[in-house]
Structures are given as C-alpha cells and as structure tokens.
Amino acid sequence: MGSITLKNVSKVFGEAKVIPSIDLEINDGEFVVFVGPSGCGKSTLLRLIAGLEDVSGGQILIDGKDVTQSAPAERGLAMVFQSYALYPHMSVRNNIAFPLKMAKLDKAVIDKKVTDAARVLNLTDYLERRPSQLSGGQRQRVAIGRAIVREPSAFLFDEPLSNLDAALRGTMRLEISDLHHQLKTTMVYVTHDQVEAMTMADKIVVLNRGNIEQVGSPLDLYKSPRNLFVAGFIGSPKMNFVDGAYAQSKNARTAGIRPEHLNLSKDSGLWTGTVKVAEHLGADTFLHLDVDGIGQITARCDGEFGAHYGDKVFLTPDEAKLHRFDDKGSALRA
Amino acid sequence: MARNVTTRHKVTATVAAWVVALIIFFPILYTLITSLKTEPEAIAGFSLIPSGTFENYVTVQTQRDYFKPFMNSVVLAVGSTILALIIAIPSAWAMAFSPTKRTKDILMWMLSTKMMPAVAVLVPIYLMFRDFGLLDTRIGLTVMLTLINLPIVVWMLYTYFREIPGEILEAARMDGAGLWQEIVYVLTPMAVPGIASTLLLNIILAWNEAFWTIRLTTTNAAPLTAFIASFSSPQGLFWAKLSAASTMAIAPILILGWFSQKQLVRGLTFGAVK
C-alpha cells in the first residue's frame with residue numbers, strides 16, 4: 001500500500017511562502033510526476049512528504065495515517081536523491097544493505113535482499129566497489145537499489161537523472177518505468193524536464209510558484225491544458241501563442257497552436273512566414289519562423305521539409321486543435 | 001609537434017620542481033651537514049663536505065639532557081592538540097551543520113586573533129603566567145599552545161565538515177538511522193580523514209612553536225625549541241653543536257611528517273568526499 005494525501009499543506013521559509021496551500025491525492029501504485037520550472041516548490045513538496053522538512057501548516061497522510069509529525073524513517077518511504085547521496089566510505093554492498101542494517105534485520109536476510117536487488121539492477125559485479133569507482137549511471141542504480149531493498153510503501157525521486165548525460169538519461173528513464181511496472185509501488189518523481197514527465201507519469205502535477213496549476217494524465221495536460229502556464233510548459237517545442245486579430249476572430253484573448261498542429265506548405269496558407277532557423281532532425285523538422293503580422297512561430301512537421309534560412313513558407317493552423325484563452329490566461333472550452 | 005611540447009613542458013616542470021624543493025630543503029640539509037663538522041670547520045665558511053664527526057651529538061647529549069626536553073615537546077604537542085580538538089570539533093561541527101547569520105563573523109574574529117603579533121601581548125601574558133604560577137609548567141604551556149593554534153584547528157575542521165554533503169545525512173535519516181547511528185556510521189567515517197590531518201598539522205605546529213615556549217619556560221617545561229636556543233648562549237655561539245641540537249630536535253617531527261605525508265597532503269588538498 002502506498003497512498004499519499006496532502007491536506008492544506010503549506011511551507012514558509014522565513015518571509016517566503018514557498019508553498020501557500022496544497023491539496024493532493026496520490027493513489028496506491030501510481031507514478032506521479034511533479035513538474036515545473038526551477039523554484040516552483042516541487043522539490044520542497046517532495047521533501048515535505050519525505051519528512052526532511054517540517055510543514056508550516058496542514059496534514060500529510062500516508063495510507064490514511066497522519067504522519068505530519070513523524071520522522072522520515074517512520075514514514076516507510078524511500079528516497080533517491082539528485083546527487084545519489086551514496087555513502088562514499090562504504091562498498092556498494094554496504095550502501096544497499098545500510099537501511100536493512102538500520103532496521104536490524106537478520107544477516108542472512110540482508111544478504112539475500114542485497115543479492116536480489118543487485119541482480120535486478122545489474123550491479124552484481126560491482127558489489128565490492130566503492131561509489132567513487134562507479135559511473136554516474138551505476139551510482140544511480142545503487143541509489144535505487146538502496147531504496148528498493150526497504151520495500152517502501154512509496155518511492156520518492158528528486159530529479160534523479162539530471163546529473164546524467166542525455167543518452168544515459170533515456171536509458172535510466174526506461175529502467176525506472178520498467179521498475180515501476182515490476183514493483184507496482186507508488187512513485188513520486190520530481191523533475192523540471194517535461195519529457196520525463198510526459199513519458200513516465202500516470203499523473204502529472206504541474207506546479208508554479210508553489211501552487212498546483214493542473215493535475216492530470218500526460219495526454220490530458222497535452223490536449224486540454226487549463227491555462228497558459230500549463231499550455232506553455234507541457235509539449236516540446238513549446239505551444240505558440242497568438243494575440244490580436246486572429247485570437248479575436250476566435251473569440252479569445254490568446255490563441256494557442258502547438259507546432260505540430262500547423263500545416264506547412266510552400267504554395268499557399270493562412271499566414272506567410274520567413275524561416276529564421278531550420279532544425280532538421282531526420283524524423284521531423286522544426287522551423288522557427290518570423291510570421292507577418294504575428295511574430296515568432298515554431299512549426300513542426302514529420303519527416304523532412306526542404307526549407308532553409310530565408311525561405312518563404314505558408315502556414316495554416318489546424319482549427320480543430322486550437323486552444324483558446326481568456327484575459328486571465330484560463331482556457332476557454334468550446 | 002604537440003607531443004614535443006608536452007615532453008618539454010614535463011621536463012621543465014620536473015626540473016623546476018626539483019630546484020624549488022632543493023632550495024626549500026637546503027637549510028635543513030645544511031644544518032645536518034654542519035652538525036657533522038668540527039667547530040672550527042663550522043665557522044670557517046661555506047662548505048658542503050664535513051669531516052664526518054659525531055662528536056657534536058655526543059657533546060650535546062652530555063652537556064644537556066636531550067630526553068627531558070624531548071618528552072616535554074611530546075607532552076606539549078600532543079596535549080595541546082588533543083585539547084584543541086576537544087574544543088574545536090564541536091564548535092566547527094555546530095558552525096558547519098547549523099550555521100547562523102553570525103557564523104562567518106565568528107570565524108573571521110577567530111582568525112583575526114592570528115593577525116596580532118605575539119610580542120604585543122608578551123608582557124601581559126608573562127605577568128598572568130607569573131601570577132598564576134604557570135611559568136615553566138607543562139600545563140601553562142599546553143594551554144598557551146592550544147589557544148594559539150585553536151583558530152587554525154577550528155578553520156580546518158570547519159572546512160572539512162562543510163564538505164560533507166547534507167544530502168548524505170538526509171539519506172541516512174531516510175534509511176532509518178537515528179542521530180547516534182548517523183554519527184557513528186556516516187558522519188565520523190567521513191570526517192576522520194579531515195580530523196586526522198588537522199591533528200597531524202597541529203602537532204607539527206605545536207612542536208615547532210618557539211616564541212612562547214622559549215619565553216615562558218626555563219628548565220622544567222622547556223621543550224626542544226628551548227633546547228636548541230640554549231646553544232646560542234652567553235658562552236658564545238657553537239654552530240656545529242647548535243646544528244647537532246637542531247637536527248636532534250627536528251628529527252622526530254620530520255620522521256612523523258614523512259610517514260604521514262600521504263594523509264597530510266590528502267587532508268590539505270582533498271575534500272572529505274568526491
């Protein structure tokens with residue numbers, strides 16, 4: 001079991017209200033990702049759940065039990081830190097065994113659990129090494145190993161992949177998702193990388209300035225963002241925002257069009273743009289355009305599109321996939 | 001082409017390093033050479049070839065007992081170091097792990113006491129020592145050496161403790177370690193290298209301290225620094241015997257330094273964890 005409930009949770013550091021008030025429900029077995037720009041309070045929120053920070057107000061419940069005043073170890077959670085936080089003076093074996101030793105388990109039981117975890121994480125050959133003798137990815141796996149042997153009711157991940165290079169990040173992302181399917185344990189994952197959020201999450205919590213902007217499945221957030229912030233944050237490349245006459249003609253203050261919802265043509269279209277930068281990725285092409293009367297627009301199309309710096313390109317937004325926002329930036333539903 | 005440049009670089013760097021090392025080491029070497037000369041040879045002028053006599057060492061030992069100042073040096077150096085660590089570990093710990101707004105000021109204030117020339121407080125300290133009956137006592141001098149080196153010890157330890165990442169302590173807390181287990185299994189093993197090198201460096205500093213040890217002692221608590229100084233006496237200067245005494249005085253600390261150089265260098269240049 002591993003359901004987590006936040007009721008009215010707030011956090012104040014001195015004068016700064018980092019988290020004004022948050023209510024959130026995390027169901028057992030869910031993979032929940034907290035995502036937002038740096039300084040939005042996502043790590044603080046995770047640390048409040050972990051018990052590494054004291055709440056300034058509100059309640060935290062784990063499996064229905066109030067743990068607001070409990071010490072981190074009493075909450076039955078395991079955490080993987082951004083810096084891995086491995087014990088540098090212990091071997092991999094002892095790092096993984098540490099929480100079990102603290103729990104005063106039998107030596108035979110500890111050995112078995114460590115061996116099992118090492119096998120799952122491909123660390124069997126490295127058990128006698130020190131963390132300093134491992135690569136970044138291996139260290140990350142040790143940190144995960146240390147977390148899984150405890151069989152916690154939930155895992156907390158604090159930007160665990162941000163110290164890894166791009167290729168390794170991709171691999172580790174798959175490994176963590178795979179682990180979630182095997183263990184079926186609740187995972188709460190903090191990241192500023194919306195690609196990680198989109199690919200891994202069952203449920204994404206978008207945070208901004210300590211407030212929850214929207215909670216929903218990745219595709220929910222992609223298809224129906226509740227406001228300009230979520231619309232701009234989820235999706236890559238970013239959604240284009242168009243004000244002025246075009247938006248007014250759609251009865252909105254701002255119109256939002258995702259780069260992949262613009263039809264490109266070399267002959268005709270609603271708007272005319274000049275290519276500023278063309279990014280040819282092979283599988284798709286990103287065009288950054290200067291559009292007459294509108295401004296900077298990014299467009300994306302599948303496969304190759306033969307346009308280069310200075311070329312004229314015509315664009316037509318796909319009206320069915322248009323997003324409309326009012327004066328306050330909230331989404332208007334048709 | 002590139003390879004030539006790096007080879008030349010390496011040769012130049014190696015030669016330069018040896019030259020600098022030799023210049024730094026030369027006074028010690030020349031002391032050793034002079035100690036193996038006769039007195040007339042010693043005052044005759046610069047020469048690197050001694051007659052190889054051990055007479056000076058015998059004279060030094062028969063004229064004055066080496067063992068007593070040696071023991072005083074050991075007691076003072078070790079005693080003041082232990083005392084300094086007992087005070088410095090908790091204070092550096094507190095400042096590193098729960099700093100306040102004033103922490104930086106306190107550290108700076110402690111360091112500023114090292115900026116004052118010792119001679120400026122010689123008279124008041126001498127008078128205090130006299131009035132409290134501490135002149136020429138091991139206790140008095142141990143306290144004095146502790147106070148002199150305390151700022152350095154606190155600074156060194158503070159720097160080491162600061163490098164222990166907070167996330168590791170949080171990880172231990174998540175893993176179920178209580179405060180005591182956190183200290184025993186996680187903090188202490190990570191802090192030991194730093195404490196060890198601070199200890200070694202402080203022993204060396206205390207061993208070599210000459211200003212106060214010479215001025216606040218006569219015979220009973222006089223360490224090896226006073227032992228050396230006694231050879232430049234009113235009876236005249238005896239370069240060869242002085243050199244022999246110096247060699248005997250620095251030999252123990254040189255040996256200690258040699259065996260612990262790895263720890264010293266590591267402690268002075270390397271953080272607690274990486």
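The expected span of a helix is taken as 1.5 Å times one less than its number of residues. Helix α5 of chain A, in this predicted model, puts that rule to work nicely: the helix covers residues 166–183, and because its 18 residues at 1.5 Å each should span 26 Å, the 26 Å between its end C-alpha atoms agrees with expectation. Right after α5(A) comes A:K184, whose phi is positive, at about 55 degrees.

Stepping back to the whole of chain A, the domain assignment splits the chain into domain 1, residues 4–231, and domain 2, residues 251–332. Their C-alpha centres sit 37 Å apart. As for how the two meet, 6 residues of domain 1 of chain A are in contact with 7 residues of domain 2 of chain A. On the domain 1 side, the touching residues break down into 3 nonpolar, 2 polar and 1 charged.

Then there is the sheet. Five strands of chain A make up an open sheet, and reading across it gives the order β13-β17-β14-β15-β16, with antiparallel pairing. The edges are β13 (262–265) and β16 of chain A, each of which pairs on one side only. From one strand to the next, the twist averages 40 degrees.

Two of the pairings can be followed residue by residue. Strand β15 (residues 284–291) of chain A runs antiparallel to β16 (residues 295–302) of chain A, and 8 bridges hook them up. One spot to look at is A:L287, whose bridge partner in β16(A) is A:A299. The β15(A)–β16(A) hairpin leaves 3 residues between its strands, and there A:G293 takes a positive phi near 75 degrees. Elsewhere in the sheet, β14 (residues 271–280) of chain A is joined to β17 (residues 312–317) of chain A by 4 bridges, again in an antiparallel arrangement. Here A:G273 stands opposite A:V313 in β17(A).

How much of this to trust is a matter for the confidence scores. For the complex, the predictor gives an ipTM of 0.83 and a pTM of 0.76. Chain B averages a pLDDT of 86, with 93% of its residues scoring at least 70. One stretch of chain B to handle with care is residues 270–274, where pLDDT stays under 50. The model still has 14 contacts beyond four places in sequence for that stretch. Where pLDDT is low, the predicted coordinates should not be read in detail.

Note on methods: Residues are numbered from 1 along each chain as its sequence is written. Chains are lettered from A and ligands numbered from 1 in the order in which they are written. This is a predicted model: local features need pLDDT of at least 70, side-chain atom pairs count only at pLDDT 80 or more; totals for chains, interfaces and linings use all residues. Domain bounds come from an automatic or database domain assignment. Ala, Val, Leu, Ile, Met, Phe, Trp, Tyr, Cys and Pro count as nonpolar, Asp, Glu, Lys and Arg as charged, and the others, Gly among them, as polar. Two strands pair if DSSP finds at least two bridges between them. Helices (H or I, at least four residues) and strands (E, at least two) are DSSP runs, numbered from the N terminus. Axes are lines fitted to C-alpha atoms, for helices over the stretch in contact, and angles run from 0 to 180 degrees between N-to-C directions. pLDDT is the predictor's confidence in each residue, from 0 to 100.
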